[in-house]
Amino acid sequence: MDVTFTCPKCNQELVADGSLVGTTIQCPACANSLTVPEPDLTTVRVLNPIATSAAAREEKHFVVPTHEGPSEVLIKKPSVPLEVGARGERIVRVKTIRRIDCVEVGHDRFDELVTEFLEKVGPDNIISISTLSYTHIDIGSQKLLTDYGVLVVYRG
């Protein structure tokens, strides 16, 4: 269970894993040393947004379709163009790197990880690099956040 508390110096709201209770950490905002407190069991509440949603209260009666004989192919795979087939085994791949996945204990390593990946792939194999933005719900604060990343198309 996570422990939510605030830094006494800068009032930054912090969330720590329950296994860190009693250990001393530094506040990522102001570098103040503080001890992770015991959780206050009177203010602990379990949030399950799915259980409280309208969809959870709706009764559903699902039926599993059955097929006799082999199933039908709904999406037909296009044939390989001649130039791609002539090149051999090099196939086109896609890699998505989200900034939120590159943040480690307050340090944003997005640029570093993207650079490492691009160096590993090599400039001759990169087909395109596109920026992207997306929104997600932050589990700790239950707020909708907007973030960014890159989509790299390359030969691999």
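**Exercise 1.** Classify Asn11 as buried or exposed, then describe its backbone and its place in the chain.

*Solution.* Start with accessibility. Asn11 has 61% relative accessibility, so Asn11 counts as exposed. The classes are buried (under 20% relative accessible area), exposed (over 50%) and partly exposed (in between), with a 1.4 Å probe and protein chains only. The model is predicted: local features need pLDDT of at least 70, side-chain atom pairs count only at pLDDT 80 or more, and totals for chains, interfaces and linings use all residues. Residues are numbered from 1 along each chain as its sequence is written, and side-chain values use heavy atoms, with hydrogens and water left out.

Next, the backbone. Most residues other than glycine have a negative phi. Asn11 is not a glycine, yet its phi is positive, about 60°.

Last, the location. Asn11 lies in the loop between β1 (2-6) and β2 (13-17). Helices (H or I, at least four residues) and strands (E, at least two) are DSSP runs, numbered from the N terminus.

**Exercise 2.** Find the loop that holds Ala31, and give the sign of its phi and its exposure class.

*Solution.* Ala31 sits in the loop between β3 (24-26) and β4 (33-35). Its phi is positive, near 65°. The relative accessible area of Ala31 is 45%, so this residue is partly exposed.

**Exercise 3.** Work out which strands pair with β9, and in which sense.

*Solution.* Two strands pair if DSSP finds at least two bridges between them. Take β5 (residues 92-98): seven bridges join this strand to β9, and the two run antiparallel. Within that pairing, Thr96 has Leu151 of β9 as its bridge partner.

Now take β8 (residues 126-137). β8 pairs with β9 over 11 bridges, again antiparallel. Tyr134 stands opposite Asp147 in β9. β8 and β9 form a hairpin with six residues between them. In the turn, Gln142 has a positive phi of about 60°.

**Exercise 4.** List the residues of the largest nonpolar core and say which element gives the most to it.

*Solution.* A nonpolar core is a set of buried Ala, Val, Leu, Ile, Met, Phe, Trp, Tyr and Cys residues joined through side-chain atoms within 4.5 Å. The largest has nine residues: Ile97, Cys102, Phe110, Val114, Phe117, Val121, Val150, Val152 and Tyr154. Two elements give two or more residues to this core, α3 (110-121) and β9 (144-155). α3 gives the most, with four.

Check one member. Beyond its neighbours within four places in sequence, Val121 is in contact (heavy atoms within 4.5 Å) with Ile126 and Tyr154. A second, separate core has eight residues, including Val3, Cys7, Leu14 and Cys27.
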